[in-house]
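Please open the structure in your viewer and keep the sequence at hand. The tour below proceeds by selection, one stop at a time.

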Amino acid sequence: MSATLPLHREWVRHSFGERLLRYFLWLAAIASLVWAVRSIEIIPEFLADAPEQMADLLIRMWPPDLGHYYPSVHAAMIETLHIASLGTVLGVALAIPIALLAARNICRNVLLNAVAQFLLVSSRSVNSLVWALIFVAVFGPGPAAGTFAIAFRSIGFVGKLLAEAIEEAAPGPVEALEASGAPWGHRMLKGIWPQVQPAFWGIALFRWDINVRESAVLGLVGAGGIGVVLDDAINFFQWERVATILLAILAVVVVAEILVTRIRAKLI
Amino acid sequence: MSATPILKSSGPILRIEGLEKSYTPGKPVLRGINLEIGAQGITAIIGPSGTGKSTLLRCINRLVEPTAGAILMGEEDLAKLRGAALRQARRRIGMVFQEYNLVERLTVMENVLTGRLGYVPLWRAWLRKYPQDDIDRAFALLDAVGLPEQATRRADALSGGQRQRVGIARALMQSPALLLADEPTSSLDPKTAVEVMELMARLTGEAGVPVIVNIHNVDLAKRFAIRIIGMTGGAVVFDGPPEALESHHLREIYGGEDWL
């Protein structure tokens, strides 16, 4: 027996098959990118003078017509906040029962889980603007349509995150309540809710924050709020007013963001 | 302590007949358990992990569904109860858990009061308008378990031993006719474990509530129980007073002998 030679072993990160697969994935990614660029049909003439047009627009916007803010823009802004807040409350209220049906630790029926999941996904798959178009057809133009659009878009978001929070709740305390003879409602109230509470308020506040931004554009399809005023100003080429409205939206979004961040920090 | 046990007689509080449980068909965890549990004192169930002690305990209050057999409490077969009748039976059976199973974000007081959720209407629980009698009793129990100053603290701020004391108070809040304790001391250090067992033995003794406790610490079982049941492989292999438990029994229950 000679002295033992070290075994010759080779270390490679990927097997041949994996390398081939990676190569094709890269190829597919680049091909789809090229395809996408070709299909958006950039018009070269417009692209060429885009910087000029941009500069022109900004010059027309300057100085913003701040005097225009009160009363018309202000009233529209308040309406926007009402749409966002009311829509959030309505959406959360509708999301709670669906979230309970979607949470597999609460609802043991697989069919009901699937129905609830489907409702949540369909709510999310439709954009707020599309919901707004639908509700404008139902309620006619105005803030009512906007409120319902916000609510129905919120159901999917709030419901999904809430269902996940419910599924993460520890089963032990609920089991303890069950062992003491507590009925279903009591177990939800004293076993699940205390565990879900911080997540619930976090989700609701976050959704309100998103809804403030989303409700600003609903007016473009006639669903009330500041978007109506913005649409009018653009249509009449009143660019100083457009600037005022955009600044107002920016200010409100920033304030909402700060508010929500502060409150969330207190909650958790 | 004003707990009034439902059965004062010396007859058995519980009769288990032919109890079987299989989580997957053909692999029984409990193989035909027959037991009578007396109306007084602590009965300790010892045995290796995975031998069905916890399943046996959970079959009694139906946190686990028995596959076959009867669990008679008085004239009632707990194994056959459903819905409201099951909840009413559960109200009379307190349970203490290894991981305490307190609602962490609620106060100690509210955790103790959850022992009354089988009795209190939902709106009262929601508005925290518990009956004054229940609140008085909860305070008395917190005094009894040695946590008189902790009523308004949140459960997640307590130590393990304190949490298990709250768990005991919550179970006694039900004024149970029977107390089940599933490894109540396994998450505690040795000194705290003895203190918690002492507390449980004293309070249930004063209230006259019989206790069935799963415990893997043989010394603790011998020290506090009036009767020891040894289980292995889903069957009872020893049943007798602590004095009768000898090392050949332990070999049979746990297998091997190097650890003895």
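**A residue in a loop of chain B**

Begin by selecting B:Q98, which is partly exposed because 18 other C-beta atoms lie within 10 Å, fewer than the 20 or more that a buried residue has. Note that the model is a predicted one. The loop that holds B:Q98 runs between β6 and α3 (108-113) of chain B.

Next, display the surroundings of B:Q98. Beyond its neighbours within four places in sequence, B:Q98 is in contact with B:D182, B:E183, B:P184, B:S186 and B:S187. Then add B:R15 to the selection: 83 residues separate B:R15 from B:Q98 along the chain, and their C-alpha atoms are 25 Å apart.

**The sheet of chain B**

Now select the strands in the order β6-β7-β8-β3-β9-β10 of chain B, which form an open sheet of six strands with mixed pairing. At its edges stand β6 and β10 (235-240), each with a single partner strand, so one side of each has no neighbour in the sheet. On average, neighbouring strands here are turned by 20° against each other, direction ignored.

Within this sheet, focus on β3 (residues 42-46) and β9 (residues 227-232) of chain B, a parallel pair joined by four bridges. Opposite B:I46 you will find B:G230 in β9(B).

**A helix and its packing**

Finally, select helix α2 (residues 83-91) of chain B, where B:A89, B:R90 and B:R91 are buried. Which elements do the buried residues of α2(B) pack against? They pack against β4 (68-73), β5 (76-77) and β6 (93-96) of chain B, together with α8 (171-179) of chain A.

How values were computed
Residues numbered from 1 in each chain as written. Chains lettered and ligands numbered in written order. Predicted model: local features only at pLDDT ≥ 70, side-chain atom pairs only at ≥ 80, totals over all residues. Buried ≥ 20, exposed ≤ 12 C-beta atoms within 10 Å, placed from the backbone. Helix = DSSP H or I, 4+ residues; strand = E, 2+ residues; numbered from the N terminus. Contact = placed C-beta atoms within 7 Å. Pairing = 2+ DSSP bridges. Axes fitted to C-alpha atoms, helices over the stretch in contact; angles between N-to-C directions.
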